[in-house]
Amino acid sequence: MIQYTFSYTKPHRHFIDIEMRIFEHSSPELIVQLPAWRPGRYELGNFAKNIQYFKVFDAQGLPLKFHKITKDTWKISTVNCSEIVIQYNYYANELNAGSTYLDEIQLYVNPINCCLYIPDRMDETCIVNLEVPSSYKVACSLVQDNNQLKAKNFDELVESPWIASNSLQHNKYSVKGINFHIWFQGKCKLDWNRILKDFKAFTSHQINDFKAFPVSEYHFINQILPYKAYHGVEHTSSTVISLGPGSDLMSDKLYESLFGSVSHELYHTWNVKQIRPEELMPYDYSKENYSRMGYLYEGVTTYMGDLYLMRSKVFLRKIFIKLKKKIF
Ligand SMILES: [Zn+2]
């Protein structure tokens, strides 16, 4: 089991304190690595640039020697140590659908940005403890027990971003017995009746055609910003959408963008998360992963996501035609 604890003291400074605790270690050296890229963004991320301090201790709190062997890999001397504690911080001041951000309002984490991993222990359970105000709710697809999240392995952990905040707006609907959660973080006035009706409509049409849904529960996590934004990232059981400005969310144009994103990202649950190019299977987090199949997993998803909005009458036919003219 690998345990991570997220805490912070001065959220306005955007630094998250992260502790990684490793148990049952048995060799004189330990290699830990930070992902170099994230699935969904087909380019290098260089997340390690956001780490400002890095310290390692044994179970008694005595410091252990380490040195960096690449831009995002550390080698730690662990003679006679079965338990190792790594403490580091992460500068979280970027707010988009694939980033990590902290302020006085929220702790928003994409674990792929900031969770170290041990290359030969990626199959172990990952536990995440969140030291956040007691009034905070957590929007995340992982199993939750109070402020503790549990992932069955590192892959699931990095597929499961979260927002912890006390200003999350939440609702849910169900299609064929599967619960779909809708979360909004950020200032916006929501017409929940319209939103729920439209979410349910495109979800039902997609599931009807695929005959089944690959996961037991799904979360749409919407990061609503006060300025213009339009970005989405797909995950196995969730998606994060960043969209703005929040004051215009229910306007025709931004509402179209919201549904253009969520229908596209839901379609990705099948096309790229389940039906995935061989070269992305498994994901190699240590370097960028090349594929020539983008036309299939992004092109087809873009076309089909909008087509389902037209079929389910969330988009009028004329909106669909207008969007396709833009692309083709
Ligand atoms: Zn996409």
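Helix α5 runs from residue 294 to residue 311, and its length is a good place to start in this predicted model. At 1.5 Å a residue, its 18 residues should span 26 Å, and the end C-alpha atoms are 25 Å apart, so the two values agree. From α5 the tour goes on to a partner helix, a sheet, a hairpin and a few residues with notable backbone geometry.

**Helix α5 in detail**

- Although the span of α5 agrees with the expected value, the helix has a kink of about 25°, centred on Thr 301.
- Thr 301 is also one of the buried residues of α5.
- The others on that list are Tyr 297, Gly 305, Asp 306, Tyr 308, Leu 309 and Met 310.

**How α5 meets α4**

- The axes of helices α4 and α5 come within 8 Å and cross at roughly 120°.
- This crossing of α4 and α5 is right-handed.
- Which residues meet where the two helices come together? From α4 they are Phe 259, Gly 260, Ser 263, His 264, Tyr 267 and His 268.
- On the α5 side, the residues are Thr 301, Thr 302, Met 304, Gly 305, Asp 306, Tyr 308 and Leu 309.
- Thr 301 therefore appears twice in this story: the kink of α5 is centred on it, and it is among the residues that meet α4.

**From α5 to α6**

- Just after α5 comes Lys 313, with a positive phi of about 70° although it is not a glycine.
- Lys 313 sits in the loop between α5 and α6.
- Is Lys 313 buried, partly exposed or exposed? It counts as partly exposed, because it has 13 C-beta neighbours inside 10 Å.
- Helix α6 covers residues 317–327, and Arg 317 is found in it.
- Arg 317 is exposed, because 10 other C-beta atoms lie within 10 Å and the cut-off for an exposed residue is 12 or fewer.
- Arg 317 and Leu 307 are 10 residues apart along the chain, and their C-alpha atoms are separated by 9.1 Å.

**A five-stranded sheet and its helices**

- An open sheet of 5 strands has the order β17-β18-β19-β21-β20, with mixed pairing.
- Why is one side of β17 and of β20 left without a neighbour in the sheet? β17 (169–175) and β20 (229–234) stand at the edges, so each has a single partner strand.
- From one strand to the next, the twist averages 15°.
- Strands β19 (residues 217–224) and β21 (residues 238–244) pair in the parallel sense over 6 bridges.
- Within this region, Asn 222 stands opposite Ile 241 in β21.
- Helix α4 (residues 252–268) packs on the sheet and touches β19, β20 and β21.
- The direction of α4 makes about 160° with that of β21.
- Helix α3 (residues 192–210) lies across β17 and β18 (178–185), and it runs at about 35° to β17.

**The β7–β8 hairpin**

- β7 and β8 form a hairpin with 2 residues between them.
- The two strands run antiparallel, with 4 bridges joining β7 to β8 (residues 73–77).
- Phe 66 has Ile 76 in β8 as its bridge partner.
- How many of the 5 residues of β7 (residues 66–70) are buried? The count is 0, and the strand is hardly covered.
- Past the hairpin, in the loop between β8 and β9 (84–91), lies Asn 80.
- Phi of Asn 80 is near 60°, a positive value in a residue other than glycine.
- Asn 80 is exposed, because 6 other C-beta atoms lie within 10 Å and 12 or fewer is the limit for that class.

**Two cis peptide bonds**

- Gly 244 and Pro 245 are joined by a cis peptide bond, with omega about 5°.
- Pro 245 lies in the loop between β21 and α4.
- Met 281 and Pro 282 are also joined by a cis peptide bond, and here omega is about -10°.
- Pro 282 is in the loop between α4 and α5.

**Tyr 108, a buried residue in β11**

- Tyr 108 is found in strand β11 (residues 106–109).
- It counts as buried, because 25 C-beta neighbours lie inside 10 Å.
- Leaving aside neighbours within four places in sequence, Tyr 108 is in contact with Thr 100, Tyr 101, Ile 163 and Gln 223.
- The C-alpha atoms of Tyr 108 and Lys 65 are separated by 31 Å, with the two residues 43 apart along the chain.

Definitions and conventions
Residues are numbered from 1 along each chain as its sequence is written. This is a predicted model: local features need pLDDT of at least 70, side-chain atom pairs count only at pLDDT 80 or more; totals for chains, interfaces and linings use all residues. A residue is buried if 20 or more other C-beta atoms lie within 10 Å of its own, exposed if 12 or fewer, and partly exposed in between; C-beta atoms are placed from the backbone. The expected span of a helix is 1.5 Å times one less than its number of residues. The bend at a residue is the angle between axes fitted to the seven residues ending there and the seven starting there. Two strands pair if DSSP finds at least two bridges between them. Axes are lines fitted to C-alpha atoms, for helices over the stretch in contact, and angles run from 0 to 180 degrees between N-to-C directions. Two residues are in contact if their C-beta atoms, placed from the backbone, lie within 7 Å. A crossing is left-handed if the near helix is turned anticlockwise from the far one by less than a right angle, and right-handed if clockwise.
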